[in-house]
Amino acid sequence: MDKIVIIDFGSQYTQLIARRIREMNVYSEIISPYENYLEKIKNNDVKGIILSGGPKSVYKKDSPGVTKDLFEVKKPILGVCYGLQLISYILKGRVKPAKEREYGFAEFKIRRKSVLFEGINKRVFRVWMSHGDSVSSIPEGFLKTGETPSCFYASIENKRRKIYGVQFHPEVVHTDFGKSILKNFVFKVCRAKKNWYLKDFINITREELKSKYTDKSCFLALSGGVDSSVLAFLLKPVFKNNLFPIFVNTGLLRKGEEERVRKLFKSFRNLRIVRAEKEFFKSLKGITHPERKRKIIGKLFIDIFIKETLKIMKIKKPKHKIAYLAQGTLYPDVIESRPFVGPSSTIKTHHNVGGLPSKHPYILVEPFKELFKDEVREIGRKLGLPNEIIEKHPFPGPGLAVRIIGEIDRRKVKILQEADAILEEEIKKEGLYSKLWQAFCVFLPVKSVGVMGDERTYENVIALRIVESVDAMTADWAKIRYSVLDKIARRIVGEIKGINRVVYDITSKPPATIEWE
């Protein structure tokens with residue numbers, strides 16, 4: 001199977017490169033510069049190499065890199081951002097701090113004909129930049145192929161050696177013709193063939209699981225969301241009666257979530273529902289910091305989950321006091337929680353990634369940990385799951401606790417559940433739900449003056465957060481019609497006691513994250 005290898009230097013966008021290539025039905029694999037990467041890329045199935053972006057400066061001692069031997073393997077190479085700078089630095093060009101950091105949109109101008117730009121019908125187009133250094137002189141044998149007003153060497157190439165570099169990020173949706181640039185590299189430069197499909201992922205994963213993991217009980221932390229739901233149906237024919245989906249009702253979930261889970265998973269013989277609202281509200285009393293919330297919820301969730309699994313194992317009396325634990329962990333969970341490969345920054349913790357204690361009775365099963373949400377949705381479609389599951393918007397592991405800014409209590413949760421239900425109902429009425437990445441409400445820790453029924457009020461504020469995205473790595477706020485926003489706001493204020501103002505968050509990611517906490 002033809003393969004494109006991405007060497008990751010810690011960019012938040014690295015997995016986007018892999019995902020874009022998989023969309024082309026070409027297999028991609030991420031490796032670290034700290035691995036034995038030279039041996040891996042020498043394999044005949046590797047048709048090309050992409051050097052990712054990264055947060056470091058190539059000329060600093062602690063920065064990740066590769067040796068000059070990489071360029072002697074004689075396989076096509078594409079450097080993206082940090083990767084371009086690394087190519088220039090190793091091959092005796094020069095890299096230095098940029099006069100001004102380029103972040104966000106830039107106007108890219110093609111200056112020389114290049115295979116990377118074949119099929120692009122514009123000489124000038126928008127690209128997405130994110131760099132503090134820039135190339136000041138290119139290596140011998142290279143030519144400049146493009147520039148931006150602030151970056152003289154925005155793209156370079158050595159056609160004879162099949163080495164290319166772009167300072168911008170073609171993998172993000174904000175770059176015009178980004179997919180075309182990557183396709184040109186994969187098919188016209190690397191000559192890779194289309195031979196990887198998601199249906200193969202389903203069959204291969206099931207066969208691997210059957211060969212490795214069917215001799216013990218398998219527990220699944222079922223949230224009712226897309227990831228864990230699709231995983232449950234993927235695992236069902238593998239573990240059969242040894243699969244135990246466990247749904248922990250934290251009291252911090254969407255309105256009616258427990259009832260939905262009972263209905264959707266009624267065919268699962270061993271479905272367990274644990275009511276634990278009291279424990280969670282008690283543990284969160286007086287807590288306001290978002291990371292403390294996440295850690296408290298994560299630890300308590302795991303404690304309750306482990307307690308429940310031990311009960312089940314005691315009932316079954318297994319030969320070995322160990323079991324499998326299946327989690328619907330996705331790559332964004334991993335990349336935002338800790339460095340996956342390379343020195344990427346931690347943004348926030350996720351309890352389904354790092355919440356388990358160092359000693360636990362499980363062997364982890366995480367088939368989705370290198371996939372994005374839309375890929376999991378596609379797997380769900382291929383498995384025949386209903387749209388009610390597949391199109392469900394992402395929901396944070398800690399639930400509404402991170403959508404209530406400040407301290408948590410039952411009253412705030414009730415208000416937020418009702419506001420969320422109104423928002424979801426109106427969005428679905430307009431036929432917008434499946435077109436949006438997420439639409440939810442945030443309970444703000446402020447009160448504002450209002451007038452209701454000719455009387456002065458001093459009540460809480462709800463913020464609407466509605467975004468469009470492809471993969472959650474970047475997102476734009478949705479340009480919802482004013483009439484729709486007006487109806488949502490009127491209903492929330494009119495139907496929910498304690499709210500007299502609704503505001504709309506119009507910040508994109510980056511610089512903000514999708515969630516507020």
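**Exercise 1. Find where Lys74 sits in this predicted model, and decide whether it is buried or exposed.**

*Solution.* Start with accessibility: Lys74 has a relative accessible area of 74%. The cut-off for exposed is over 50%, so Lys74 counts as exposed. Next, place it in the fold: Lys74 belongs to the loop between β3 (46–51) and β4 (77–80). Finally, check the backbone: its phi is near 65°, a positive value in a residue other than glycine.

Now try the same steps on Lys162. This lysine is in the loop between β8 (151–158) and β9 (163–166), and its phi, near 60°, is positive too. With a relative accessible area of 39%, Lys162 is partly exposed.

**Exercise 2. Describe helix α14: its span, its ends and its buried residues.**

*Solution.* Begin with the span. Helix α14 covers residues 410–429, which is 20 residues. From first C-alpha to last it reaches 29 Å, close to the 28 Å expected at 1.5 Å a residue.

Then look at the ends. At the N-terminal end, Asp409 acts as the cap, with a side-chain oxygen 3.1 Å from the backbone nitrogen of Arg411. Just after the helix comes Gly431, whose phi is positive, about 70°.

Last, follow the buried residues. Among them are Val413, Ile415, Leu416, Ala419, Ile422, Leu423 and Ile427, but the list also includes Lys412, Gln417, Asp420 and Glu426. A helix rule helps in reading such a list: with 3.6 residues a turn, residues three or four places apart point the same way. The partners of this buried set are α8 (277–283), β15 (438–452), β16 (455–468), α15 (482–495) and β18 (499–504).

**Exercise 3. Work out how helices α6 and α12 cross, then trace the surroundings of Leu383.**

*Solution.* First, the geometry: the axes of α6 (residues 226–239) and α12 (residues 373–382) come within 10 Å and cross at roughly 35°. The crossing is left-handed. On the α6 side the contact is made by Val226, Asp227 and Val230, while α12 contributes Lys373, Val376, Arg377, Ile379 and Gly380.

Next, move to Leu383, in the loop between α12 and α13 (387–390). Leaving out residues up to four places away in sequence, Leu383 touches Ile202, Arg206, Val230, Phe233 and Leu234. Take the pair with Ile202: the two are 181 residues apart in sequence, but their C-alpha atoms are 8.6 Å apart in space. Even with these contacts, Leu383 counts as partly exposed, at 23% relative accessibility.

**Exercise 4. Identify what surrounds Arg465, and find the cis peptide bonds at Pro510 and Pro511.**

*Solution.* Arg465 is part of strand β16 and is buried, with a relative accessible area of 0%. Look for polar partners next: its side chain makes a polar contact of 3.4 Å with the side chain of Asp505, and it also reaches the backbone oxygen of Ile514 at 3.0 Å. Other residues that Arg465 touches include Gln438, Phe440, Thr507 and Trp516.

For the peptide bonds, go to the segment after β18, where Pro510 lies. The bond joining Lys509 and Pro510 is cis, with omega about -15°. The bond joining Pro510 and Pro511 is also cis, with omega about 15°.

**Exercise 5. Count the disulfides and examine Cys151.**

*Solution.* Requiring two cysteine sulfur atoms within 2.5 Å, the count is 0. For Cys151, the nearest cysteine sulfur is that of Cys81, 9.1 Å away. Cys151 is buried at 1% relative accessibility, and Cys441 is buried as well, at 0%.

Technical notes: Residues numbered from 1 in each chain as written. Predicted model: local features only at pLDDT ≥ 70, side-chain atom pairs only at ≥ 80, totals over all residues. Heavy atoms only, no water. Helix = DSSP H or I, 4+ residues; strand = E, 2+ residues; numbered from the N terminus. Expected span 1.5 Å × (residues − 1). Buried < 20%, exposed > 50% of the residue type's maximum accessible area, 1.4 Å probe, protein only. Contact = heavy atoms within 4.5 Å. Polar contact = N/O pair within 3.5 Å; in protein donor to acceptor, adjacent residues only side chain to side chain. Axes fitted to C-alpha atoms, helices over the stretch in contact; angles between N-to-C directions. Left-handed = near helix turned anticlockwise from the far one by under 90°.
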